[in-house]
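Trainee: I've got a new model open and I'd like to learn how to read it piece by piece. Can we start with the strands and work outwards?

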Amino acid sequence: MASKAEFLKSVPYFSPMSPAELEQIGSLFFEKRCQRDEIILLEEELAEALYIVVSGVVKIFKTSADGKEQILAIIRPGESFNEVPMFDGGLNPASAQAMGQVLLYGLGKDELDYVLKNYPQLASRVIKVMAGRMRHLVLLVEDLSFRQVIGRVARILLENAGDGAGPSPQLTQRDMAAMAGTVREVVSRSLKTLEEEGAIKMDRHRIIILDKKILQKIVGPFFETKVTDRG
């Protein structure tokens, strides 16, 4: 397994930094291991740390008063979450849950303040990453407001298909419904339609993408640009 310094080099916040700087910053992080379905943090609770996913996959979600779940993002290795309350001093804006075995690096508030004070060049990286998050949330609002469910499902499939270079989350139809802002039965019908059109193949609990071009056509011409803009 790579050292903390080697791993941090792959994280957008720290990629421009020297090996010596990464060694010093890496010493400030603590490790946290989580089991599948373990809650990492809860919305509206006091924020304890900024987290970076080292291995595994984490989902970020909101829960309504009646228990309905809306997944906001899927966080993969090299990506971070829970920055907002660490910067503004507020409570956790959303909950986070492990989707399998997960290893995290965490950075507490005092340690984060130290890093930003002693490495001011990181500020521009923080702005870029946060801007990417804002673009992602705007895309999510656009999806939920204007795109039909089958288009949302097609986008979810494309975004989470993976390229074989890293872990891809094993999304259930319930997960996909929580991402698409609908119910499982509607997702099931959408998947059946996509299968009939030759875009995917349903193999028990697995979804195999047969033709990405069909999915991309359903999602729209700006899919690739918007995904890239997430940073």
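Trainee: Which residues point one way from S8, and which the other way?

Mentor: In a regular strand, side chains alternate between the two faces of the sheet. Here, in this predicted model, Val102, Leu104, Gly106 and Gly108 point one way from S8, while Leu103, Tyr105 and Leu107 point the other way. Both sets are buried. That fits the count for the strand, residues 102-108, where 7 of 7 residues are buried.

Trainee: And how do I read its pairing with other strands?

Mentor: Strands of a sheet pair through backbone hydrogen bonds, and the pairing is either parallel or antiparallel. In this case S1 (residues 30-34) runs antiparallel to S8, joined by 5 bridges, and Lys32 sits opposite Leu104. S3 (residues 49-55) also pairs with S8 in the antiparallel sense, over 6 bridges. To find that pairing on screen, look for Ala49 opposite Gly108 and Leu50 opposite Leu107.

Trainee: In what order do the strands of the open sheet come?

Mentor: The order is S1-S8-S3-S6, 4 strands with antiparallel pairing. S1 and S6 (80-81) stand at the edges with a single partner strand each, so one side of each has no neighbour in the sheet.

Trainee: Okay, helices next. At what angle do H5 and H6 pack?

Mentor: Two packed helices are described by the angle between their axes and the distance between the axes. For H5 (residues 122-146) and H6 (residues 149-159), the angle is about 145° and the axes are 10 Å apart.

Trainee: Which residues meet there?

Mentor: From H5 you have Leu139, Leu140, Asp143 and Leu144, and from H6 Arg152, Arg155 and Glu159. Sorted by class, that contact has 3 nonpolar, no polar and 4 charged residues. As for the spacing along a helix, an α-helix has 3.6 residues a turn, so residues three or four places apart point the same way.

Trainee: Is Val138, also in H5, buried, partly exposed or exposed?

Mentor: Val138 has a relative accessible area of 48%, so it counts as partly exposed; the exposed class begins over 50%. Ser124, which is found in H5 too, is partly exposed because its relative accessibility is 48%. For a sense of distance, Val138 and Met176 are 38 residues apart in sequence and 19 Å apart in space, C-alpha to C-alpha.

Trainee: Met176 is in H7, right? How many residues of that helix are buried?

Mentor: H7 (residues 173-180) has 6 of its 8 residues buried: Asp175, Met176, Ala177, Ala178, Met179 and Ala180. What covers them includes the strands S4 (58-63), S5 (69-75) and S10 (206-209), along with the helices H5, H6 and H8 (184-196). Just past the end of H7, look at Gly181, which takes a positive phi of about 70°.

Trainee: Last one: where is the pLDDT below 50?

Mentor: Where pLDDT is low, the predicted coordinates should not be read in detail. The protein averages 89, and 91% of the residues score at least 70. Residues 163-167 fall below 50, and that stretch has 4 contacts in the model beyond near neighbours in sequence. Residues 222-231 are also below 50, with 15 such contacts.

Technical notes: Residues numbered from 1 in each chain as written. Predicted model: local features only at pLDDT ≥ 70, side-chain atom pairs only at ≥ 80, totals over all residues. Heavy atoms only, no water. Buried < 20%, exposed > 50% of the residue type's maximum accessible area, 1.4 Å probe, protein only. Helix = DSSP H or I, 4+ residues; strand = E, 2+ residues; numbered from the N terminus. Pairing = 2+ DSSP bridges. Axes fitted to C-alpha atoms, helices over the stretch in contact; angles between N-to-C directions. Contact = heavy atoms within 4.5 Å. Nonpolar A, V, L, I, M, F, W, Y, C, P; charged D, E, K, R; others polar. pLDDT = per-residue confidence, 0-100.
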